[in-house]
Amino acid sequence: MDPLRQSPSPCSSRPSSPKTPPCEIHGYVGIEDVLDQLKIKAMKMGFEFNIMVVGQSGLGKSTMVSTLFKSKVWKCTPPGLGMPIPQTLQLKSVTHVVEEKGVKLKLTVTDTPGFGDQINNDKCWDPILGYINEQYERYLQEEILITRQRHIPDTRVHCCVYFVPPTGHCLRPLDIELLQRLCRTVNVVPVIARADSLTLEEREAFRRRIQHNLRTHCIEVYPQKCFDEDINDRILNSKIRDRIPFAVVGSDQEYLVNGRCVLGRKTKWGIIEVENMAHCEFLLLRDLLIRSHLQDLKDITHNVHYENYRVCRLNESHVLPRGPCWVNLAPTPPGPPVAPGPSKVCRQAREDSDDEEDDY
Amino acid sequence: MTSEVARHLLFQSHMPTKTTCPSSQVSDDEQKQKRENTRSLTMSGHVGFESLPDQLVNRSIQQGFCFNILCVGETGIGKSTLIDTLFNTNFADHESSHFFPHVRLKAQTYELHESNVRLKLTIVNTVGFGDQINKEESYQPVVDYIDAQFEAYLQEELKIKRSLFNYHDSRIHVCLYFISPTGHSLKTLDLLTMKSLDSKVNIIPVIAKADIISKAELQKFKIKLMSELVSSGVQIYQFPTDDETIAKINASMNGHLPFAVVGSMDEVKIGNKMVKARQYPWGVVQVENENHSDFVKLREMLICTNMEDLREQTHTRHYELYRRCKLEEMGFTDVGPENKPLSLQETYEAKRHEFYGERQRKEEEMKQMFVQRVKEKEAILKEAERELQAKFEHLKRVHQEERMKLEEKRRLLEEEIIAFSKKKATSEIYQNQSYMASGSNLKKDKDRKNSNFM
């Protein structure tokens, strides 16, 4: 899948692929066995997935992660639970290796306790963006080494799940600010947290209003419309886009319902089943994140967000030569070497040709 | 076809048994995890990420695969026929002449479909290899071509705005080296070429036109070839034996190298089937018969089992080696002089300073030279001017002198004229006086004389 919709860079003098006359195969060759080879190689190497949960305290982020991966992700009590509200935003990262049916997954979950909890929440997104950019920076540094590792460890955040508090009205200014900034650097999946406090009608109205807000402020959440490859993708992703943000409920406790053991929340008026589509949309979130779009999330992170970061970074520090010539003959006077500074928020370098200077 | 289905099942059946891995592997994993500061998590239910390999495969199917084969061998040894037979198509390649002065490489790309897999196959053939009388330069174009593909990829990777996933990978993934079936040993050209290629590409040697050699000779030939390769230190591609599913088959195939192959697209009726074969008066050599040739083994190894590994080796071993050498050549290092890690950027900045300083110096030099030349020219011109001035003065003086002389002459002339007119006046007076004294005849005579005189 080629998620990047950029037009080919004007400097590419060679076409991306030569003319290929299609040839007919008269018998058995065995090309399709390469799929098996791929599978074996992938299983041996294992997969990596890094997810970040962002939202205010008490919205059930840690519980949601535990529910998603059906295990106690946090070694001790989840951060933020029962502890005093931290003064500043701290990011806590924990890594696990899970295995299912021979498939090994190295899962890294980053939590953000203290987000949006202060009186003055100005620039509270800086640590988050700093963390994300730091992971990109780490990958970039590994990539430009002379002697590279065979497999560069991937700590880049593939997906950021943003928890919207269930006010029932619309997105708050804090949400909008953060989403605007986050969507430019990472794949964001917004969810309505603690959806058991809203009735179904309220949920729908809330959802529509959030979607309207997102459209008004030009916030592109995952799955981004511009990365749809073909008609099938568009149809599939439109269905998902219609339901975003998902209204989710998380729980790690099991109760007996109708003879079955289900994850749920027990209240005086009933048991909310987490995996029941009639009660909440947790299954949709899980399917999106894990069962169907995990590889796509990783691809878009690698091909789009990381490349954008790289372009910004290299442009600002003249790390690598521009174009085919190896020496930069720009007439800037030689100054002191620029040390790799703190990560910056990079602007999107997509089809908006007006705000990206042409290097060639 | 049933063998393929069986193989699929074999692969699939091996996947779930990975959970029950032997205890030694578990402790290895644990140690690794301890080192990485991660811990293993047991899930209480089914999460569903076992579909991850399928997601990966789906993405690859959509992207399509790319495979590049380089065939090196003498003209007429059967490279095109073998490729045709391997991929069961007619790639429409005509015979090439034996009279090329230099070795050239010809690349052609084809798109093949099998079930839902799209393969973009590039075949690179050497044209004119081994035909020249002087073969010293024969292998250099091949090495240059391989390097050029690595270079193109490196350039793309180093660009600021790059599109790697869109990039048509033209790096050579495997090199099939065709050995002539002499039955004795490797030719010197073969050794030289393979030695220069072994660190740049995965080499699989094949014995071409193997129907010339008898079975007994073939065994000896293979042993001789392998021992020659080993003793010369040529590193040919070894089929990987680290994964249990294919370790056994790969290990046994490693023992059959180099494969003795026969290629043919012609079909001959054997029994009641049409098979690919070569028909001779003394019998029929069947291409896909394991007793007659190793063709099936080659196809197995090249395509069915190890295509992905070949691509991976090219990318992670050969390309990385090229990249490292190239960047080190440019002066970039990872570690600075005091053994502190040096970033690419600092080195680059240093180099930029250096080059910039160099440029400044050269500019200064040129300026100096220019000024020098100007001065010289100016001096010459001044000299010329002075000379002209002197000439002018001289001429003027000469002119002046002439003029004075002429003036002098004129003055003398005028004086003479005055003197003459004076004389004339006085002589007339005298004549008048004498005429009045002597009478009229004399006067008439004198008049007559005077009139004659005048």
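A residue counts as buried when its relative accessible area is under 20%, as exposed when this area is over 50%, and as partly exposed in between. Keep these cut-offs at hand during the tour, which goes through a predicted model.

**Stop 1: a pair on helix H11 of chain B**

Select Glu378(B) and Lys382(B), which form a salt bridge whose closest N and O atoms are 3.9 Å apart. Both residues belong to helix H11 of chain B, where they sit four residues apart, about one turn of the helix. Is Glu378(B) buried, exposed or partly exposed? Its relative accessibility is 43%, so Glu378(B) counts as partly exposed. Lys382(B), with a relative accessible area of 48%, is partly exposed because this value lies between the cut-offs of 20% and 50%.

Stay on the helix and select Val374(B), which lies in H11 (residues 344-438). Val374(B) has 39% relative accessibility and therefore counts as partly exposed. Now add Phe370(B) and Val371(B) to the selection, and you will have a nonpolar patch on the surface, in which these two residues and Val374(B) together have about 280 Å² of accessible area.

**Stop 2: two further salt bridges in chain B**

Next, select Arg311(B) and Glu308(B), whose side chains meet in a salt bridge with an N to O distance of 3.6 Å. The two are separated by about one helical turn, because they are three residues apart in helix H10 (residues 307-329) of chain B. If you colour by accessibility, Arg311(B) should appear as partly exposed, since its relative accessible area is 21%, while Glu308(B) counts as buried because its relative accessibility is 6%.

Then move to Lys222(B) and Asp294(B), where another salt bridge brings the side chains together at 2.8 Å, N to O. Which parts of the chain does this pair link? Lys222(B) comes from helix H7 (residues 215-232) of chain B, whereas Asp294(B) is in the loop between strand E10 (283-286) and helix H9 (295-305), so that distant parts of the chain, 72 residues apart, are joined. Lys222(B) is buried at 8% relative accessibility, and Asp294(B) is likewise buried, with a relative accessible area of 8%.

**Stop 3: a valine in a strand of chain B**

Select Val268(B), which you will find in strand E8 (residues 267-270) of chain B. With a relative accessible area of 11%, Val268(B) is buried. Show also Val284(B), which is 16 residues from Val268(B) in sequence, with 8.2 Å between the two C-alpha atoms. Once neighbours within four places in sequence are set aside, the residues in contact with Val268(B) are Lys273(B), Met274(B), Val275(B), Ala277(B), Gln279(B) and Val284(B).

**Stop 4: the nonpolar cores**

In soluble globular proteins, nonpolar side chains tend to be buried together. In this model the largest nonpolar core has 92 residues, and you can begin with Leu182(A), Leu289(A) and Phe49(B), which have the most contacts inside it. Helix H3 (residues 126-143) of chain A gives the largest share of this core, seven residues. Apart from this core lies another, of 87 residues, and you can locate it by selecting Cys71(B), Val143(B), Ile179(B) and Leu225(B), which are among its members.

Return now to Leu289(A) and display its surroundings: leaving out neighbours within four places in sequence, this residue is in contact with Phe49(A), Ile51(A), Leu68(A), Cys159(A), Val161(A), Leu294(A) and Leu297(A).

**Stop 5: chain A as a whole**

Show chain A alone, and look for its eight helices and 10 strands. How many of the 360 residues of chain A, as a percentage, count as buried? The share is 53%. Its accessible surface comes to about 16500 Å², and 55% of this belongs to carbon and sulfur atoms. Among contacts in chain A between residues at least 6 apart in sequence, 71% join residues at least 24 apart.

Finally, colour chain A by pLDDT, for which its mean is 77, with 78% of its residues reaching 70 or more. Residues 1-16 of chain A are a stretch to view with care, for the pLDDT there is below 50, although the stretch has 38 contacts in the model beyond near neighbours in sequence. Residues 319-360 of chain A also have a pLDDT below 50, and this stretch has 75 contacts beyond near neighbours in sequence.

Methods. Residues are numbered from 1 along each chain as its sequence is written. Chains are lettered from A and ligands numbered from 1 in the order in which they are written. This is a predicted model: local features need pLDDT of at least 70, side-chain atom pairs count only at pLDDT 80 or more; totals for chains, interfaces and linings use all residues. Side-chain values use heavy atoms; hydrogens and water are left out. Patches are made of residues with over 30% relative accessible area and no salt bridge: like charges are joined within 9 Å, nonpolar side chains (Val, Leu, Ile, Met, Phe, Trp, Tyr) within 5 Å. Accessible areas come from the Shrake-Rupley method with a 1.4 Å probe; for residues, only the protein chains shown count as cover. A salt bridge is a side-chain nitrogen of Lys or Arg within 4 Å of a carboxyl oxygen of Asp or Glu. Buried means under 20% relative accessible area, exposed over 50%, partly exposed in between (1.4 Å probe, protein chains only). A nonpolar core is a set of buried Ala, Val, Leu, Ile, Met, Phe, Trp, Tyr and Cys residues joined through side-chain atoms within 4.5 Å. Contact means heavy atoms within 4.5 Å. pLDDT is the predictor's confidence in each residue, from 0 to 100.
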